[in-house]
Amino acid sequence: MTNTKWTGFVGTYTKGESEGVYSFVLDTDKGKIMNVQLVANLENPTYLAICKDNKNLYAVAKEGEQGGVVGFRIDENTHKLVELNKGFTAGTSPCYVATNSNGSLLTAAYYHRGTVELYTLNEDGSLNELKSTVVHEGKGPNPERQEKPHTHYADFTPDEKYVVAVDLGIDQLITYEIVQNELVKKQTLSLHPGCGPRHLTFHPNGRYAYLMTEISSEVIVLEYHHEDGSFKELQYISTIPEDFQENNQGSAIHITSDGKFVYVSNRGHNSIAIFQADGDTGMLSLVDFVSSEGDWPRDFILDPSENYLVGSNQESNNLVLYKRDKNSGKLTLLQKDVKVGHPVCVKFMK
């Protein structure tokens, strides 16, 4: 019997009615999101990561003058969150968190600090020691957004030999090798000045990667060389229509497990753009734009069956559910009235 109910979690900005991390259930028989409930009281848990084995969840958070990561155990019966411990340091909170596949390492990217942190994790999923911190340097041509480094993403490469950091402030993709739990800079790729890179996703074949830019609203198609952790630019493709002249900020990017479709969200144009990916060349071609059915679509996620996509609109306080056509990649609206205060990040248990 196939699983018909998936548990998801939503990270938020805790302003207005939001109080922290929320959970929900996607019932695929009914095509409906249900049972939204608060599962952790935290300040600004804007990004989440769930371990591959579904045992632990990590949330970025703020506490007074400190920022960092909180580790939770996910109760296997109720899917409630049980706090394990926190890793906080002086300064602002991270904007991205990720774990490796065996749950032994965790990365955190700090937008305002321009840094990347690497933690080791204990067997129960609690945070162990902060092992390594790297500080980026430089600035970009945009005086308002690129006055200093702004690390927006730090995650493991598919082979987990490296951690790749994306820095919006300096238009760079930086590859770090993990040497005895230390981050050692290995490669730097400088992108088009002023593009403001934000988030990265890898093609399942490991040969290509797709980088969403926030300032220029583009996807950059990259060839990834796992031998040395380097990247090569192949294509820049816009994520908004040519005639759209208003403010837009690119946000999330995700790829299907068959590598055929790449989805991105546009804040301002308030849309999800759908691209088809050529598995041989990695190149993208536009399929469609669909309305985000709300304001400022910060993130979205495919459910584990990939028959559905759940989006989050930060400024209109709603989650949106679409049915996904696996052949065409197109999305059909099912539900747009799911209330969550200032939702940012959406993640599913596998």
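1. Start with the lining of the largest cavity in this predicted model: Thr46, Tyr47, Cys95, His152, Arg198, His199, Ala252, Arg298, Asp299 and Val344. By class that makes 4 nonpolar, 3 polar and 3 charged residues. The space inside comes to about 80 Å³.

2. Which strands each supply at least two residues of that lining? They are β16 (197–202) and β24 (297–302). Arg198 and His199 are among the lining residues and fall within the range of β16; Arg298 and Asp299 also line the cavity and fall within β24.

3. The count is 2 cavities of 30 Å³ or more, and the second largest holds about 40 Å³. Its lining is made of Ile272, Ser292, Pro297, Asp299, Phe300, Gly311, Ser312, Asn313, Val320 and Tyr322. Here the classes split into 5 nonpolar, 4 polar and 1 charged. Do look at Asp299, which appears in this lining as well as in that of the largest cavity.

4. On the strand side, β24 turns up again, with at least two residues in the second lining. β25 (308–313) and β26 (318–324) each supply at least two as well.

5. Now the cysteines: how many disulfides does the structure hold? The number is 0. Cys195 is unpaired, and the nearest cysteine sulfur, that of Cys95, sits 16 Å away. Cys195 is also buried, at 2% relative accessibility.

6. Cys345 has Cys95 as its closest cysteine too, sulfur to sulfur at 11 Å, so the two are too far apart for a bond. With a relative accessible area of 0%, Cys345 is buried. Cys95 itself is one of the residues lining the largest cavity.

Methods: Residues are numbered from 1 along each chain as its sequence is written. This is a predicted model: local features need pLDDT of at least 70, side-chain atom pairs count only at pLDDT 80 or more; totals for chains, interfaces and linings use all residues. Side-chain values use heavy atoms; hydrogens and water are left out. On a 1 Å grid over the protein atoms alone, a cavity is a set of points where a 1.4 Å probe fits but cannot get out, and a pocket is an open set with protein on both sides within 12 Å along at least five of seven lines; lining residues have an atom within 4 Å of a point. Grid points are joined across faces, edges and corners, and a volume is the space filled by probe spheres set on the points. Helices (H or I, at least four residues) and strands (E, at least two) are DSSP runs, numbered from the N terminus. Ala, Val, Leu, Ile, Met, Phe, Trp, Tyr, Cys and Pro count as nonpolar, Asp, Glu, Lys and Arg as charged, and the others, Gly among them, as polar. A disulfide is a pair of cysteine sulfur atoms within 2.5 Å. Buried means under 20% relative accessible area, exposed over 50%, partly exposed in between (1.4 Å probe, protein chains only).
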